[in-house]
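Please open the structure in a viewer and keep the selection tool at hand. The stops below say what to select and what is found there.

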Amino acid sequence: MKQHRWLKIILLCLLTMGLAGCWDKQELNEKAFVIGIGLDKDEEEGKVKVTYLITNPEAGAQQAGGTTKEPPQEIISLVADDFISSRDTANAIVAKSISYNLLSVLIVSEDLARDPNFIRLIYSAAKDREIKRSLKIIVTKEKAEAFINNNKPKLETRPDNYFGLIINRGQKIGMIPDANLKSFFTDTEGDADFFLAIYATTDKEQRDKENTSDDNLIAGEIKEEGTSNNTEMIGSAVFSQGQMIGKMTGEETRISSLLDDTWNAVDILTAYPDPFDERYRLTVRMSKQKNNTYKLTNDYGRPHFEITVPLYIEVLSDPSMVNYAGNKQKVVKLKQYLTDNIEKKMQQFIEKTQKEFKGDTFHLSVPFRKHFATLGEFRDFDWMKTYPDAEVNVKVEIHFGEFGRQTKLPKLKEVRD
Amino acid sequence: MLKEMFQVFKKRKQKPLSMQQQLVGEQTELKEQSISSDLEENFQTLKKLFHIPKNNDVKVRELYIEGLNKKACLLFISTISDVKSIEENILKPLLTNKSGKEIKEIVSIQAVTEIHLFKDAVKNLNQGNTVLLIDGCSQGFAMDCPNFQGRTIEKPNTEILIKGPKEAFIEKVDVNISLVRKKIKDENLVVESIDVGARSKSEVYILYIDDLANDKLVENIKNRLNRLDVNSIQNLSLLEEYIEERSYSLFPSILSTERPDRAATFLEDGYIVLLMDNSPDCLVLPATFWSFFHSPEDHYLRFLYGNFTRALRMAAMFITVFTSAIYIAITAYHSEMIPSELMLAIAASREKVPFPAVVEILMMEFAFELIREAGLRVPSPIGPTIGIVGALILGQAAVQANIISPIVIIVSALSGLSSFAVSDISLNFAVRLIRFVFIICAAFMGMYGMTAFFVAGVYYMVSIKSYGVPYLAPMSPSYKSSSDTMFRRLLRNEKFRPGFLKPSDLQKKQ
Amino acid sequence: MKQNKGTIGIKEYIALVILTVGAKLSDDTPAILFENAKNAGWIAVALIGLLSVLPILFMLKVFSVHREKNLHEIILHLFGKFIGNIVSVLLLFGGVFALIVDSGISTDIISSFYFTKTPPIIVYSILMMVCAYGAKRGFEHIGTAAWLLLPYVKITLFIVLLFSFGGGTFGFIYPLWGEGMLPIIKTVAKDMSIYADFLYIGLVAPLVTSFKVLKKGTIWALAIVTFEICIAMVAFVMLFDYTTAEMLAYPFHETIRYIHIGFLSNVETFFFPFWLVATFIRFSFYLYLSATLLGGILKIKEFEYLIPLLTTIVILLGAAPESPSITLSAARKMNFQLLTPAFFVLPPLMWILAKIRGDFKNETA
């Protein structure tokens with residue numbers, strides 16, 4: 001009999017708990033899914049303008065009970081103290097409860113990113129339970145609000161789709177950095193290397209054609225025509241200690257990615273002037289299949305870093321039609337030429353980081369950490385101070401792969417005949 | 001309804017008075033009398049006992065045995081005895097016999113036993129035997145000639161295999177024993193019988209291999225059967241509830257199978273098998289979780305195929321138990337887990353549905369169970385209707401009317417379909433019922449509630465025992481065995497009998 | 001229906017210890033270790049593991065001559081009734097305190113990461129009710145359940161570690177010695193009691209099938225657990241770098257929130273149930289141990305009946321503190337520091353006393 005009494009009590013307890021329970025329960029259709037949060041400076045000190053980009057699940061969905069003609073997204077901007085408290089304020093406008101489940105991008109205007117108070121604001125993301133550390137950070141040239149409003153992807157109906165795809169693709173080709181909240185925190189707290197955020201804009205800027213190669217561009221500079229979306233994501237914003245201090249073009253971002261071993265290998269398509277005919281440019285495909293090697297020597301109190309970057313290169317075009325593939329000498333020449341060219345570019349880039357940013361953007365401190373036994377020694381070395389004055393040498397080791405799908409081309413003369 | 005539910009629990013332990021004392025109308029006193037030497041008197045007593053002439057099929061044949069120069073009387077129940085054999089082998093020799101031989105030497109029947117009490121006479125008659133009473137003789141003769149009607153051996157109906165033997169037990173116990181004996185040609189296979197039931201005496205046959213089965217276990221089961229104090233137990237399915245240890249438990253602790261090959265395999269591993277008339281199946285005990293989970297085909301199929309089936313069945317079991325619950329937990333509590341596209345798709349499909357996910361799921365699961373139950377009971381001519389009604393109305397129409405979101409149909413169909421892969425009916429029910437508990441847990445506390453219940457369930461499962469054998473043995477706690485649990489091993493590597501049975505001979509091959 | 005007290009074999013024993021002690025890598029233990037040792041936390045764990053061999057060996061030596069006795073009975077035997085009881089009571093306080101604090105922390109993890117709106121007391125009650133049920137089922141069944149569930153818990157842990165290694169940067173573990181040897185040694189000295197569980201396991205020593213199993217199982221479990229926690233600490237540092245890792249209250253849960261597997265970008269709910277399973281088993285075992293000790297001190301044979309009482313006390317005390325992640329973490333650190341000497345000193349002391357009393361002579365004779 002005793003057992004039954006227990007059974008009853010437990011049963012009743014469960015029933016009552018069931019009646020009172022379900023605190024965290026929230027059905028999917030009661031949520032408004034925020035895809036991106038835009039942050040802007042407000043005129044008033046200490047306030048921010050928060051823009052929510054909310055996706056509409058019904059857009060584009062096939063439904064048995066009839067489809068809707070609702071727009072794919074909803075955008076709300078409001079002024080708040082930070083982007084945590086803004087959540088409830090937004091509910092004055094949005095009917096469903098604001099959910100960060102699908103939050104994937106944090107869009108910050110350059111103006112705000114350059115503000116020293118930006119770091120205070122972004123650290124509230126570390127407190128919020130729902131915000132993940134894999135959140136991507138995008139810095140926009142214009143106001144974040146304007147960026148979100150102008151961003152109208154044509155082929156991806158819903159914004160969550162669009163951001164996921166474009167960022168993923170951009171990272172694979174090295175045009176934009178892998179910029180998530182976790183690396184923002186680690187880089188800021190690590191106090192040695194700079195953090196790179198994605199740079200984007202919808203604000204077009206006309207620029208002369210001739211002084212740029214394909215990728216030496218930053219967002220807003222690509223000359224694009226047609227009916228596509230205005231948004232461009234290329235290049236990166238450089239953050240030092242949680243504050244934006246500069247920006248880099250797509251090419252610089254690529255170089256930074258090649259120098260950085262903590263990045264996943266990227267697959268780069270780029271062009272170099274043809275060594276055999278200066279009028280043309282050679283298209284090459286570059287990837288890193290082995291890790292860089294790093295060496296530290298200390299001559300005369302000035303640290304000397306040596307970085308060796310092994311590159312796997314496939315030359316994909318032969319505009320001068322010299323058929324270098326079959327010619328050993330030409331291959332050697334090409335290799336030498338490319339090595340010099342890339343090394344020069346890298347060296348220039350490093351100089352820029354040393355002079356302009358006064359810090360490295362490619363996690364140089366990480367491989368050199370093993371030269372220190374303790375954190376104390378590492379801190380005394382003071383990476384931030386030492387790097388700008390250090391001597392950094394880059395060596396490139398090129399390993400040729402295929403020369404395109406079809407290695408031989410007809411002789412130009414013969415064709416012309 | 002709640003009150004009634006509690007009453008179900010309450011009535012459990014009202015111990016009935018001993019049956020022997022209150023068998024009204026059983027004429028116990030008459031039965032206890034011994035057979036006298038006066039034929040007329042004996043005849044009257046039996047008439048009384050068998051309600052002759054009210055009782056139509058009890059036949060009495062009075063005759064005169066010339067050789068002995070005595071009057072005699074032959075009794076039998078014509079519907080359950082072999083009338084032809086009585087005529088050929090008993091009546092004819094008795095009537096034509098002229099010599100003064102003993103009765104036993106006159107009749108040509110396999111077994112002739114002398115009986116002294118009316119009790120035995122009654123019992124023998126009820127079993128289809130013929131009783132011969134002779135004037136001036138204070139004993140009767142019971143002659144073996146039963147002929148109960150039943151069907152012939154057929155294919156199994158519930159445990160269907162593609163590869164392997166295709167005989168099933170039938171309602172005649174001697175046929176069943178014969179089927180088992182056919183598989184185990186071993187003189188050590190013992191078939192003991194115990195009477196259960198005070199009014200209707202039914203025999204329960206205990207089968208075990210004498211030098212393999214653990215003696216204590218056999219003793220334990222015999223005791224249990226002897227202690228039963230009920231009027232009648234018709235068949236094994238009813239007996240099962242009388243002898244199982246935890247009648248309220250969700251988990252079955254006695255295995256019932258209709259396949260003689262399976263029973264034989266269990267016997268050879270040292271298990272005990274119970275057989276009974278009127279039961280087209282046998283009970284195997286002790287039973288562990290794995291014996292419900294396994295199917296004989298796992299071993300009949302080649303190694304990889306058999307294990308693939310096992311994996312499939314395990315997956316099916318998990319799907320049945322967890323899919324619906326996980327769907328609720330994820331959509332209502334942990335929505336961040338779903339890939340964004342899917343999440344938005346679900347959100348979109350739920351937009352127009354008026355009910356919370358739990359209600360949707362419960363509705364669909366209930367509907368599925370209904371279709372299943374109705375489909376089982378429906379007379380076969382209108383069987384196809386059920387399918388049409390189920391699939392069409394519940395599926396498509398509910399979605400189109402925005403009552404159920406399409407994804408819920410997928411989820412509940414998946415869990416329903418998977419439940420069929422668990423072939424054992426007891427385990428099947430257990431799994432289906434547990435599913436509902438998990439759904440409620442998930443609705444209440446999401447994954448946390450589910451895990452809490454799951455861990456509690458595992459604690460329960462490892463602590464229950466079937467006749468002293470831990471339910472999840474030999475996986476945990478581990479015993480020396482062939483490790484035939486989740487997956488089977490190569491037959492030549494399955495060297496041991498299950499150690500948890502404590503068999504006398506552990507090793508079954510080198 | 002009382003289940004008879006059974007013994008457990010080596011598989012179940014190791015599984016139980018691994019789940020119980022190994023579960024510490026998923027609460028705030030790594031955070032406590034990172035605090036001083038920084039990115040060399042894993043070295044500290046390895047050292048703790050190595051050093052723990054000493055007291056454990058002493059303890060096993062003492063157990064080798066008292067195979068029928070549990071820790072409490074041995075303490076009574078060695079220290080005499082009065083002092084022995086005092087020692088046991090102190091141990092009980094340490095143990096129950098650890099149980100309260102650890103379960104409070106687990107509740108905090110559940111309610112701050114997964115069930116933010118549910119009142120913590122409900123989360124706590126469910127946690128402890130399941131554990132009480134498990135503890136009441138008895139030691140044998142906790143062990144059996146542990147062995148049954150161990151593979152799933154460890155496979156998922158392995159996946160987590162694999163993906164965090166994949167997503168991490170190996171360079172972050174340098175400089176190898178962290179803040180230097182001194183902070184590492186300090187960490188070892190302060191937090192050695194993360195393995196104090198091994199001392200309490202002595203309470204169930206007679207319930208393990210044989211002394212050989214106990215000895216082998218304990219050493220194996222110690223090795224596996226140390227390895228596991230080391231690897232996890234390395235993974236956390238590789239993923240977050242020491243600066244961030246040290247700031248995270250519960251690195252394991254931040255890890256499973258951060259990593260993504262293929263097309264699934266948020267997998268924490270996938271790992272959460274497995275972590276919970278380990279947690280349930282861990283506290284069931286703790287509850288059982290505390291009840292055994294309390295029963296021993298109060299001379300109550302049927303100590304299973306103390307479990308509901310203990311559970312109630314644990315829930316009431318554990319749910320009491322404000323802002324649990326800070327209060328409990330501080331309490332935990334304090335408990336670590338108090339238990340460390342007990343863990344390190346008690347076994348050798350017991351050994352010396354046994355030696356003086358001449359208990360070891362019987363063995364050789």
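Select chain B: of its 510 residues, 40% are buried. The model is a predicted one. Chain B contains 18 helices and twelve strands. Measured out along the principal axes, its C-alpha atoms fill a box of roughly 100 × 55 × 45 Å. Consider next the contacts in chain B between residues at least 6 apart in sequence: 65% of them join residues at least 24 apart.

**The sheet of chain B**

Remain in chain B and select strands β6, β7, β8, β9 and β10. In what order do the five strands lie in the open sheet? The order is β6-β7-β9-β10-β8, and the pairing is antiparallel. At the edges are β6 (189–196) and β8 (255–257) of chain B, each of which pairs on one side only. From one strand to the next, the twist averages 25°.

Zoom in on the edge strand β8(B), which pairs with β10 (residues 282–285) of chain B in the antiparallel sense over three bridges. Here Leu255(B) can be selected together with Val284(B) of β10(B), which stands opposite.

Now add the helices that pack on this sheet. Helix α7 of chain B, residues 173–183, touches β6, β7 (202–209), β9 (272–276) and β10 of chain B. The direction of α7(B) makes about 150° with that of β9(B). Helix α10 of chain B, residues 260–268, also packs on the sheet, where it touches β6, β7, β8, β9 and β10 of chain B. Its direction makes about 55° with that of β7(B).

**From chain B to chain C**

Display chain C beside chain B: 30 residues of chain C are in contact with 21 residues of chain B. On the side of chain C that touches chain B, two or more residues come from each of α1 (10–22), α5 (81–114), α6 (120–137), α7 (139–167) and α12 (268–298) of chain C. Select α12(C) in particular, since it gives the most to this side, with seven residues. Coloured by class, the side of chain C that touches chain B shows 19 nonpolar, eight polar and three charged residues.

**Within chain C**

Select helices α2 (residues 29–37) and α8 (residues 181–191) of chain C, whose axes come within 8 Å and cross at roughly 145°. From α2(C), the residues Ile32(C), Leu33(C), Asn36(C) and Ala37(C) meet Pro183(C), Ile184(C), Lys186(C), Thr187(C) and Asp191(C) of α8(C). The residues of this contact comprise five nonpolar, two polar and two charged.

Move next to Leu60(C), in helix α3 (residues 41–65) of chain C. Why does Leu60(C) count as partly exposed? It does so because it has 19 C-beta neighbours inside 10 Å, whereas a buried residue requires 20 or more. Leaving aside residues up to four places away in sequence, Leu60(C) touches Lys215(C) and Thr218(C). Select Ala205(C) as well: it is 145 residues from Leu60(C) along the chain, and the two C-alpha atoms are separated by 9.5 Å.

**From chain A to chain C**

For the last stop, display chain A with chain C; the contact takes 23 residues from chain A and 28 residues from chain C. On the side of chain A that touches chain C, α7 (181–190), α10 (365–368) and α11 (375–381) of chain A each supply at least two residues. The largest share, five residues, comes from α7(A). By class, this side of chain A has eight nonpolar, six polar and nine charged residues.

How values were computed:
Residues numbered from 1 in each chain as written. Chains lettered and ligands numbered in written order. Predicted model: local features only at pLDDT ≥ 70, side-chain atom pairs only at ≥ 80, totals over all residues. Contact = placed C-beta atoms within 7 Å. Helix = DSSP H or I, 4+ residues; strand = E, 2+ residues; numbered from the N terminus. Nonpolar A, V, L, I, M, F, W, Y, C, P; charged D, E, K, R; others polar. Pairing = 2+ DSSP bridges. Axes fitted to C-alpha atoms, helices over the stretch in contact; angles between N-to-C directions. Buried ≥ 20, exposed ≤ 12 C-beta atoms within 10 Å, placed from the backbone.
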